[in-house]
Amino acid sequence: MEDPVARVLEAAVDGDIAGSVRWAVEPDEHDGCLARFTEHVTVRRPALRRWMPLARPFFHLNHALAMRSGRLGLTAWAAQAR
């Protein structure tokens, strides 16, 4: 679902990992904006679920690196747009 007026973008994730992701952009108190990313996912594949206790730290690290990369990219893009 995309709602430009509400500044919300939502998507369903389906496959070995299923759930939803949501971006919401809100004004902040400094004349800028705040982008909130929310995800709710479930691992559906039995083999992945078995390995989750061992793999969880790697998934968390991968997610943190992806979010950091996205933040840096958005920051660079916003700086050029000014």
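This report describes the sheet, the helix and the pockets of a predicted model.

**The sheet**

Four strands make up an open sheet in which the order is β1-β2-β3-β4, and the pairing between them is antiparallel. At the edges of this sheet stand β1, which covers residues 2–3, and β4, which covers residues 33–43, and each of these edge strands pairs on one side only. As general background, the strands of a sheet are held in pairs through backbone hydrogen bonds, in either a parallel or an antiparallel sense.

Before β2 begins, the chain passes through a loop between β1 and β2, and Arg-7 lies in that loop. Arg-7 has a relative accessibility of 47%, and therefore counts as partly exposed, since the partly exposed class lies between the limits of 20% and 50%. Although Arg-7 and Ala-18 are 11 residues apart along the chain, 24 Å separates their C-alpha atoms.

Strand β2, residues 8–13, is joined to strand β3, residues 17–27, by antiparallel pairing over 6 bridges. Within this pair, Leu-9 stands opposite Trp-23 of β3, while Ala-12 has Ser-20 in β3 as its bridge partner. The two strands form a hairpin with 3 residues between them, and in its turn Gly-15 has a positive phi of about 150 degrees.

On its way to the edge of the sheet, the chain forms another hairpin, this one made by β3 and β4 with 5 residues between them, and here Asp-31 in the turn has a positive phi of about 65 degrees. The pairing of β3 with β4 is again antiparallel and runs over 11 bridges. Two of the facing positions can be named: Ala-18 stands opposite Thr-42 in β4, and Arg-22 has Thr-38 in β4 as its bridge partner.

**The helix**

The helix α1 covers residues 46–81. If a helix of 36 residues were straight, it would span 52 Å at 1.5 Å a residue, but α1 spans only 45 Å between its end C-alpha atoms. A bend of about 80 degrees is found in α1 at Pro-53.

**The pockets**

Rolling a probe the size of a water molecule over the atoms shows where empty space is left. The table sets out the two pockets by volume and by the make-up of their linings.

| Pocket | Volume | Lining residues | Classes in the lining |
|---|---|---|---|
| Largest pocket | about 600 Å³ | 18 residues | 13 nonpolar, 3 polar and 2 charged residues |
| Second largest pocket | about 350 Å³ | 13 residues | 7 nonpolar, 4 polar and 2 charged residues |

For the second largest pocket, the elements that give two or more residues to the lining are β3, β4 and α1. In the largest pocket, β3, β4 and α1 each supply at least two residues of the lining.

The helix also has a leading part in both linings: α1 gives the most to the lining of the largest pocket, with 10 residues, and the largest share of the lining of the second largest pocket, 6 residues, comes from α1 as well. Closest to the centre of the largest pocket are Cys-33, Ala-35, Leu-74, Thr-75 and Ala-78. In the second largest pocket, the residues that lie nearest the centre are Ile-17, Glu-39, Val-41, Phe-59 and His-63.

Definitions and conventions
Residues are numbered from 1 along each chain as its sequence is written. This is a predicted model: local features need pLDDT of at least 70, side-chain atom pairs count only at pLDDT 80 or more; totals for chains, interfaces and linings use all residues. Side-chain values use heavy atoms; hydrogens and water are left out. Two strands pair if DSSP finds at least two bridges between them. On a 1 Å grid over the protein atoms alone, a cavity is a set of points where a 1.4 Å probe fits but cannot get out, and a pocket is an open set with protein on both sides within 12 Å along at least five of seven lines; lining residues have an atom within 4 Å of a point. Grid points are joined across faces, edges and corners, and a volume is the space filled by probe spheres set on the points. Ala, Val, Leu, Ile, Met, Phe, Trp, Tyr, Cys and Pro count as nonpolar, Asp, Glu, Lys and Arg as charged, and the others, Gly among them, as polar. The expected span of a helix is 1.5 Å times one less than its number of residues. The bend at a residue is the angle between axes fitted to the seven residues ending there and the seven starting there. Buried means under 20% relative accessible area, exposed over 50%, partly exposed in between (1.4 Å probe, protein chains only).
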